Amino acid sequence: MGQERVRVGILGLGRIADLQCLGYLEHPRAEIAAVCDLDPVRAAERARAWGASRVHREAAALFADPDLDAIEILTPHHLHAEHAVAALEAGKHVALQKPPTRTLAELDRIAAAAARNERTIRVFENFSYYPPHRRAHELVASGAIGVPLSVRLKTAGGRPDAGWRVDLSSLGWRMSRETCGGGPTTFDHGYHCFQMARWFVPAEVERVHAFVHWTRLGDDAWYDGPALISWRYAGSPARYGSWEVIASLGMRVRSQYYVSDDRLEVHGTEGILWVNRCTGKLLEEPALVLYRDGETRAFHDLAVDWAESFRLGTRDFVDALLEGRQPHQDLADARKTLAFALAAARSEAEGREVGIEEMG
Ligand SMILES: NC(=O)c1ccc[n+]([C@@H]2O[C@H](COP(=O)([O-])OP(=O)(O)OC[C@H]3O[C@@H](n4cnc5c(N)ncnc54)[C@H](O)[C@@H]3O)[C@@H](O)[C@H]2O)c1
């Protein structure tokens, strides 16, 4: 692309926009030039705070804004395909929040629009940028635990009144399959976990099984946990992974953000890695620990604030546009993670093990 600056328009100014703006505001060659939200008060406040010169009421007007290079899409999931296709057709590059779409067919429509218009699109999945995850991944890739054999993930939802204040409107659309695409935890949050499962073991996921219990929180409000999702990787040696969701809804999870305690363990033929935190911070333990040859090494030199993953992810998008390269995550990779998430949902619905190839 080789341009001097990236002028971005942000569509959807809800909860996550607080973190998504950081990388743009801090990048010397980026600016948030325009914003758009259905809520005019919210839009005016954000524009003022971020120095955006233009406020659009309609997404179509944002896409038609000639002084924008890229659109950051932060709307509810049922709007992602419509918004991403329209932005690409208008000639904009696109950063689209995870999960990219509710179905593979929607994602394929976006891919076709990106190819037709020769625009860059990335799916933004922030766990891939979280510094302890990145360091763990570098260690795995350098052979620190031998050949990776298994990934075990754990998410514990905590007492809802601790942590970030999240508007009911921000939770409401997540409670409906129509607008969310699946469960608020097992599909929405799950996209991160399925991505980590694919990233740390370099093998295709072949078969998935999911137990999901829906815990009622109130009228039309549910937590899709406890849940236990397991999978088998293709090829040899035999490798399995699992993700457990715990509905510890009375537990206080220390967090500046969502009340979610996320942990990850990667076992290899010669060692083990633990990432002990992510969104929240339960204990004062090191964020990353490596065991090998009878020795334990703790990593204390990492940026552990969850917001850092958003900064780094957005910086990657801006730098990629400036350098004319594809930023992480491309649609081919996103399609695999989405198929994995949808296979888990089908397994839950049909009470059987599902092969990824069934998802199409
Ligand atoms: N990476 C993460 O960890 C993470 C965390 C939270 C949310 N997200 C993702 O970010 C996206 C947004 O989530 P959120 O929690 O900020 O949602 P939210 O409900 O808080 O905000 C959505 C915003 O979009 C606006 N909106 C809805 N329809 C619109 C339209 N047609 N035109 C213009 N504006 C419209 C709403 O008014 C609202 O301000 C989702 O894809 C979600 O999965 C990612």
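How are helix 6 and helix 12 oriented to each other, roughly parallel or roughly antiparallel? In this predicted model, helix 12 spans residues 331-350 and packs against helix 6 at an angle of about 170°, the two axes lying 10 Å apart. Because angles over 145 degrees count as roughly antiparallel, helix 6 and helix 12 are roughly antiparallel to each other. On the side of helix 6 the contact is formed by Leu104, Leu107, Asp108, Ile110 and Ala111, and these meet Leu331, Ala334, Arg335, Leu338, Ala339 and Leu342 of helix 12. By residue class, the contact of helix 6 with helix 12 comprises 9 nonpolar and 2 charged residues, with no polar residue.

Helix 6, which covers residues 104-117, also packs with helix 5, and here the axes come within 9 Å and cross at roughly 5°. An angle under 35 degrees counts as roughly parallel, and helix 5 is therefore roughly parallel to helix 6. The residues that helix 5 brings to this contact are His80, Ala81, Ala84, Val85, Leu88 and Glu89, while helix 6 supplies Glu106, Arg109, Ile110, Ala113, Ala114, Arg116 and Asn117. Of the residues in the contact of helix 5 with helix 6, 7 are nonpolar, 2 are polar and 4 are charged. Ile110 of helix 6 thus appears in the contact with helix 5 and also in the contact with helix 12.

The ligand is surrounded by 28 residues, of which Asp37, Arg42, His77, Ser170 and Trp173 come nearest. This shell divides into 12 nonpolar, 10 polar and 6 charged residues. Polar side-chain atoms approach the ligand at several positions, including His77, where such an atom lies 2.7 Å from an oxygen atom of the ligand. A polar side-chain atom of Asp188 lies 3.3 Å from a ligand oxygen atom, and an N or O atom in the side chain of Gln97 is 3.4 Å from a nitrogen atom of the ligand. Taken alone, the ligand exposes 850 Å², and the protein buries 91% of that area. The elements contributing two or more residues to the shell are helix 5 (80-89) and helix 10 (184-200).

Some features of the backbone were also examined. The peptide bond joining Lys98 and Pro99 is cis, with omega about -25°, and Pro99 is placed in the loop that runs between strand 5 (93-97) and helix 6. A cis peptide bond is likewise present from Ser236 to Pro237, where omega is near 0°; Pro237 is located in the loop between strand 11 (227-233) and strand 12 (240-247). Glu118, a residue other than glycine, has a positive phi near 50°, and Glu118 belongs to the loop connecting helix 6 with strand 6 (121-124).

Note on methods:
Residues numbered from 1 in each chain as written. Predicted model: local features only at pLDDT ≥ 70, side-chain atom pairs only at ≥ 80, totals over all residues. Heavy atoms only, no water. Near = heavy atom within 4 Å. Polar contact = N/O pair within 3.5 Å; in protein donor to acceptor, adjacent residues only side chain to side chain. Areas by Shrake-Rupley, 256 points an atom, 1.4 Å probe, with all protein chains shown as cover. Helix = DSSP H or I, 4+ residues; strand = E, 2+ residues; numbered from the N terminus. Nonpolar A, V, L, I, M, F, W, Y, C, P; charged D, E, K, R; others polar. Axes fitted to C-alpha atoms, helices over the stretch in contact; angles between N-to-C directions. Parallel < 35°, antiparallel > 145°, perpendicular 65-115°, else oblique. Contact = heavy atoms within 4.5 Å.
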